[in-house]
Amino acid sequence: MPTPLPPADPEPARRVRALHTATTVTVYQAYPPEIGLPAARDGRFPAAWKRDRMTWIKPSFLWMMYRSGWGTKEGQETVLAVEITREGFEWALRHACLSHYERGFHPDRAAWQRELRRAPARVQWDPERDLRLAPLPYRSLQLGLAGEAAGRYADEWTVSVRDVTGLAHEAHALVRADDLPAAARLLPQETPYPEPPGLLNRVRP
């Protein structure tokens, strides 16, 4: 008899999974057409993009589909795949703090609040989603950028911007038709991000 394969290791509760290359990582955002379309056309964010606001980037395509309703929610009709440098992505993570107080991880609530005020980036770990957008038992990274981090994202880290709204709608149509294998074949190939030592020490409880 053939030797049975060992069981697959369970997915860690918190890990960065993303479409990435040796130098870049792809994150997703959704915007109204007046921002999303010029950004995709020009490969950079237009003047209407507000640098003084927190902007959230998401390495998980399906979490972006959950957030934007497959690119149908008002103000989120244009889904963008933004390829950024790994150097910038890792800078943000090393300068981030958790968006919420975590007992036992932070020394106390006051220490967390001081860190939150100083940090140019913040992290949330939200349940990953399946093709039907139901929550999975492990979490995906959402990375919020403000101040210095938002400016660097727009001006230094962005390598390319692509409009993937059509992909979102095509995958959604297949899910509605109950053809999950075909929908899965359309998804970006997100794999565990190769973490340098200590990359998530500040943000992974």
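Let me begin with what I mean by a ring pair: the rings of Phe, Tyr and Trp, the last through its six-membered ring, pair if their centres lie within 6.5 Å. With that in hand, and bearing in mind that everything I show comes from a predicted model, here is where the definition leads: Tyr31, Phe45, Trp49 and Tyr153 are linked into a cluster by ring pairs.

Searching the whole structure gives nine aromatic pairs. One of these is formed by Tyr31 and Phe45, whose centres are 5.9 Å apart and whose planes stand at 65°, an edge-to-face arrangement. This pair joins distant parts of the chain, since Tyr31 belongs to strand E2 while Phe45 sits in the loop between helix H1, residues 33–42, and E3, the two being 14 residues apart. Are these two residues buried or exposed? Tyr31 has a relative accessible area of 11% and is therefore buried, and Phe45, at 10% relative accessibility, counts as buried as well.

A further pair is that of Phe89 and Tyr193, where the ring centres lie 5.3 Å apart and the planes make 75°, so that this pair, too, is edge-to-face. Because Phe89 lies in helix H3 and Tyr193 in the segment after strand E9, residues 191–192, the pair ties together parts that are 104 residues apart in sequence. Both Phe89 and Tyr193 are buried.

Let me turn now to charges over rings. Arg129 lies over the face of Tyr66, at 3.6 Å from the ring centre, and Arg152 is placed over the face of Trp91, at 4.4 Å from the centre of that ring.

That brings me to the sheets. As a reminder, strands of a sheet pair through backbone hydrogen bonds, either parallel or antiparallel.

One open sheet has four strands in the order E3-E7-E6-E5, and its pairing is mixed. Strand E3, residues 55–57, and strand E5, residues 96–98, stand at the edges with a single partner strand each, which means that one side of each is left without a neighbour in the sheet. From one strand to the next, the twist averages 40°. Within this sheet, E3 pairs with strand E7, residues 135–145, in the antiparallel sense and over three bridges, and Ile57 is found opposite Leu143 in E7.

Which helix packs on this sheet while touching E3 and E7? Helix H5, residues 147–157, does so, and its direction makes about 85° with that of E7. Helix H4, residues 109–118, lies across E5 and strand E6, residues 121–129, and runs at about 140° to E5.

There is also an open sheet of three strands, in the order E2-E4-E8, with antiparallel pairing. Its edge strands are E2, residues 24–31, and E8, residues 158–163, each of which pairs on one side only. Neighbouring strands here are turned by 25° against each other on average, if direction is ignored. Strand E4, residues 78–85, pairs with E8 in the antiparallel sense over five bridges, and the bridge partner of Val82 in E8 is Val161. Helix H3, residues 86–94, packs on this sheet and touches E2 and E4, its direction making about 95° with that of E4.

To close, let me return to the rings by way of these elements: E2, an edge strand of the three-stranded sheet, carries Tyr31, and H3, which packs on that sheet, carries Phe89, whose partner is Tyr193.

Technical notes: Residues numbered from 1 in each chain as written. Predicted model: local features only at pLDDT ≥ 70, side-chain atom pairs only at ≥ 80, totals over all residues. Heavy atoms only, no water. Pairing = 2+ DSSP bridges. Axes fitted to C-alpha atoms, helices over the stretch in contact; angles between N-to-C directions. Contact = heavy atoms within 4.5 Å. Phe/Tyr/Trp six-rings, centres within 6.5 Å; stacked < 30°, edge-to-face > 60°. Buried < 20%, exposed > 50% of the residue type's maximum accessible area, 1.4 Å probe, protein only. Lys NZ or Arg CZ within 6 Å of the ring centre and 35° of its normal.
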